[in-house]
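User: I have a structure open and would like to go through it piece by piece. Can you take my questions as they come?
Analyst: Go ahead.

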Amino acid sequence: MKRLAGKKDEVVAEPLAKKQLQSKANSLLNAKNVDIKTLKGFVQLLDTPDNVPAGEVMNTLEVIFKNLLKRKSAEGADKQTLKIRELYEETWLLLLENLLVDSESSAALKVCMQLIKVEAKHPVATNKGWPTHRIRDILSTLLNAEETPTNALSNYGKYCKNLDVLEITLKQLIALVPQEDFKSIPIKAMNFLAIANLLDFGKTVLNTADYHVESAKSHKFSLEANRKRLNDLWLVIMTKGSEVDERLHRQILVVLLERVINHLDDPIQLTDFLMDSLHQFDGPIALLALQGIFTLMQKQNITYPDVYEKLYNMFYPRMFYNKYKARLFYLADIFLTSTHLPENLVAAFVKRLARLALQSPTEDAVIMIRFVCNLLLRHTGLQKLIRGSHAAEEVSDPYNETETDPVKSDAINSSLWEIALLQKHVVPEVANAARFINTSLPIMEFDLAPLLDRKECNIFDDELQSKAKQFALNYERPSTLALPKNEFVTKYWELI
């Protein structure tokens, strides 16, 4: 009982502390002269919070300093003004420390960005215009974190949707490039790449054209100038990113594909890097490299003769636990879109997908069954694989699943007995999806995009919401709690 009472007191204490903070802040701001001692108390409270949530203290300091900046209380050279400015800078240092605390990073970054907005309009001392040094301090803090600050980076990414923050972040990141090679500073290198992955120069951001600071709208955003900076940044990454471990190599590829490749002046120079990544690594790295090669094939007309063989060999049981498996299905769908591909090549993909569906998680089985159906619609000659589906047995299947060359796998002479077997799957959605071979094929292809983000829990929820038929469990309607006559339970056991 004592614990419950203590917990109740603790809950009540938080609103009281919040009201006290607000009351003290109002008294400080309503006074004719700023009470330096009280202001210092607020700052110290953030340094050593005592029964007061750090988030509330940060919000209170935001209100105080925003008002002081608007009153120009931090301008001038008198003793009080210098003290206010000193406490303001001390507050910034404490806010930067809280950036790396997961529970406080969101509030700390919000306060930092709000103060930047006010400081741009009401500068401190000689710092005029956009306070770019504040962004540099934020980036430096994130860059030098001992562990990658995922929450802080995610929140900062939202502010990078503003063109002024985006441009300044790019400029400052180039200035903060580590002196050492990435292989000798893996954590700092990962932080650097994570920040680079926030630099989104996509059409959505450019068309929206939002700005964090209103006055920045007068400075026209130059896409060409920033593309040149992005090219310079990528050159630095490539220079310092040689001989890194697989984790960093994968992150470099992610930055390349998601942020850089569409803005490079000469993407053909990536060919060797992507080819080496494809052949020297397996799993996610090879998949990301394949996506880069596909982009070059589309936009630069390069040719890669073994691309389908490499894609075929990426479909194996371990792929279901790959972080980028949705990207693999997406790429495979694009690569196999053409109706001019050889049927024996496509037949190998059909058989590989059908075979993997037997041992895959539920959500992936549905995707692969739909994918097989789409491939049969694109290549009508392969519909002969359906005819022997019910009669064929695995022992008589000529398909060689261990063959790395899809053309030599002899899948064209096989059948889709796997799909027939999946009709007995325990999950109704999988069983129903596999029944497409029992009737004429649909006219339109299935859209795979909504299926790529589905998880097993989604399928479970759908099954719970579906209406099932009502079945009678008794053939005699019970009139009392007693068991019906001639019941086996009463024949062999005595109920007490």
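**Salt bridges, a cavity and a helix**

Analyst: To start with one residue, E224 has a relative accessible area of 55%, so it counts as exposed. Keep in mind that this is a predicted model.

User: Which side chain does E224 meet in a salt bridge?
Analyst: That of R227, with 3.9 Å from N to O. The two sit three residues apart in helix α11 (residues 223-240), so about one helical turn separates them. R227 is partly exposed, at 22% relative accessibility.

User: Why would side chains pair up like that?
Analyst: Side chains of opposite charge can pair when their charged atoms come close.

User: How many salt bridges are found in the whole structure?
Analyst: The search finds 25.

User: OK, what about K161, what does it pair with?
Analyst: With D200, at 3.4 Å from N to O. K161 is in the loop between α7 (150-159) and α8 (163-175), and D200 is in the loop between α9 (186-196) and α10 (203-208), so the pair ties together parts 39 residues apart in sequence.

User: Is D200 buried or exposed?
Analyst: Buried, because its relative accessibility is 16% and the cut-off for buried is under 20%. Its partner K161 is partly exposed, at 40%.

User: And E258, what is its partner?
Analyst: R327, with the closest N and O atoms 3.3 Å apart. E258 belongs to helix α12 (residues 246-260) and R327 to helix α16 (residues 325-335), so this pair links parts that are 69 residues apart in sequence. R327 is buried at 18% relative accessibility, while E258 is partly exposed at 35%.

User: Which residues are joined into one network by shared partners?
Analyst: K351, R355, D397, E401 and E418.

User: Switching topic: how many cavities of 30 Å³ or more are there?
Analyst: One. Its volume is about 60 Å³.

User: What lines it?
Analyst: D282, G283, L287, M314, Y316, M319, N322, K325 and L328. By type, that lining divides into five nonpolar, two polar and two charged residues.

User: How far does helix α17 reach?
Analyst: From first C-alpha to last, α17 (residues 343-357) spans 21 Å, close to the 21 Å expected for its 15 residues. In α17, 13 of the 15 residues are buried, so the rest of the structure largely encloses this helix.

User: Last one: how many disulfides?
Analyst: Zero. As for individual cysteines, C112 is buried at 0% relative accessibility, and C160 is buried with a relative accessible area of 0%.

Definitions and conventions:
Residues are numbered from 1 along each chain as its sequence is written. This is a predicted model: local features need pLDDT of at least 70, side-chain atom pairs count only at pLDDT 80 or more; totals for chains, interfaces and linings use all residues. Side-chain values use heavy atoms; hydrogens and water are left out. On a 1 Å grid over the protein atoms alone, a cavity is a set of points where a 1.4 Å probe fits but cannot get out, and a pocket is an open set with protein on both sides within 12 Å along at least five of seven lines; lining residues have an atom within 4 Å of a point. Grid points are joined across faces, edges and corners, and a volume is the space filled by probe spheres set on the points. Ala, Val, Leu, Ile, Met, Phe, Trp, Tyr, Cys and Pro count as nonpolar, Asp, Glu, Lys and Arg as charged, and the others, Gly among them, as polar. Helices (H or I, at least four residues) and strands (E, at least two) are DSSP runs, numbered from the N terminus. The expected span of a helix is 1.5 Å times one less than its number of residues. Buried means under 20% relative accessible area, exposed over 50%, partly exposed in between (1.4 Å probe, protein chains only). A disulfide is a pair of cysteine sulfur atoms within 2.5 Å. A salt bridge is a side-chain nitrogen of Lys or Arg within 4 Å of a carboxyl oxygen of Asp or Glu.
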